[in-house]
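Hi everyone, thanks for making time this morning. I'd like to walk you through one structure, so please have the viewer open and stop me whenever you like.

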Amino acid sequence: MGLTLSQQGSFQQRVQQAINSGGSKFAETMKQDPDQALCSQYRDKIPPELVGAFLERQRALIKYPANGKLMGDWKQGEALFTNPRKGNCYACHTGDPREAGAGRMGPGLVGYGQRGTSEPVVKYTYDKIYNAWASMPCSLMYRAGHHGILTPEETAHVTAFLLDPASPVNAKR
């Protein structure tokens, strides 16, 4: 099948055809924001002189829960982490080692909470889940909060799932 697709023309031509035939709503979802375009332009390795402004723009996109708490309920976070229609974190990460379907593309998160629950650790974890590009430009990890996959409150729940000592992610084995 790959050979057949490559004979039809370049990937860019196929993307443009898909956009043209998918209707205006599909075309809107395929538009890159300026930083996505920057990642594409430099093939995910943006020049060092552009990184500072890139990170600043991405950090400005992060929204926090109305109650100001960046750690929510870990049990709700577990449900989001494992839900393919929401966090879908298991597609790439191992969280609870008892979960057989865990992915191996991203770093394993078993024992993630060993780093503690200090304010900087909680904020870093929350920010990474909400918008991975705020700490690592052009990361493959999707920007769950920025793209509306998780609300700020849901992001806090997933943060708790990773950091709470009672979470199965951090269970003593």
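I'll start with the overall fold, then move to the aromatic rings, and finish with a few individual residues.

First, please keep in mind that this is a predicted model. The protein chain has 8 helices and 0 strands, so its pattern along the sequence is easy to remember: α-α-α-α-α-α-α-α. If you lay the C-alpha trace along its principal axes, the span is about 55 × 40 × 30 Å.

How much of the chain is buried? Of the 173 residues, 37% are buried. As for contacts, take those with a separation of 6 or more: residues 24 or more positions apart account for 58% of them. On the outside, the accessible surface comes to about 10,800 Å², and carbon and sulfur atoms supply 56% of that. For those of you who like electrostatics, there are 20 positive and 15 negative side chains, and the centres of these two sets are 4 Å apart.

Now the rings. The count of aromatic pairs is 5. Let me pick one of them, Phe54 with Trp133: the ring centres are 5.7 Å apart and the planes meet at 40 degrees, so we call this pair tilted. The cut-offs behind that word are under 30 degrees for stacked and over 60 for edge-to-face. Where do these two residues sit in the fold? Phe54 is in helix 5, residues 48-60, while Trp133 is in the loop between helix 7 (119-130) and helix 8 (152-163), so the pair ties together parts that lie 79 residues apart in sequence. Phe54 and Trp133 are both buried.

Stay on Trp133 for a moment, please. Arg143 lies over the face of this ring, 3.9 Å from the ring centre. A second arrangement of this kind involves Arg115, whose charged end sits over the ring of Tyr112 at 3.7 Å from the centre. And while we are on tyrosines, Tyr64, Tyr126 and Tyr130 form one aromatic cluster.

Next, please zoom in on the loop between helix 4 (34-41) and helix 5, and find Arg43 there. Arg43 has a positive phi of about 50 degrees, and it is not a glycine. Asp44 lies in the loop between helix 4 and helix 5 too, and its phi is positive as well, at about 70 degrees, again without being a glycine. Why point this out? Because most residues other than glycine have a negative phi.

Are these loop residues buried or exposed? Arg43 counts as exposed, because its relative accessibility is 72% and the cut-off for exposed is over 50%. Asp44, at 42%, counts as partly exposed. Lys45, which is also placed in this loop, has 68% relative accessibility and counts as exposed. If you want a distance to try in your viewer, take Lys45 and Asp127: they are 82 residues apart along the chain, and their C-alpha atoms are separated by 21 Å.

One last stop is Thr29, in helix 3, residues 23-29. Thr29 is exposed, with a relative accessible area of 57%. From Thr29 to Val158 there are 129 residues in sequence and 26 Å in space, C-alpha to C-alpha.

That's my tour, and I'm happy to take questions.

How values were computed: Residues numbered from 1 in each chain as written. Predicted model: local features only at pLDDT ≥ 70, side-chain atom pairs only at ≥ 80, totals over all residues. Heavy atoms only, no water. Helix = DSSP H or I, 4+ residues; strand = E, 2+ residues; numbered from the N terminus. Buried < 20%, exposed > 50% of the residue type's maximum accessible area, 1.4 Å probe, protein only. Contact = heavy atoms within 4.5 Å. Areas by Shrake-Rupley, 256 points an atom, 1.4 Å probe, with all protein chains shown as cover. Lys, Arg positive; Asp, Glu negative; His and termini not counted. Charge placed at Lys NZ, Arg CZ, Asp CG, Glu CD. Phe/Tyr/Trp six-rings, centres within 6.5 Å; stacked < 30°, edge-to-face > 60°. Lys NZ or Arg CZ within 6 Å of the ring centre and 35° of its normal.
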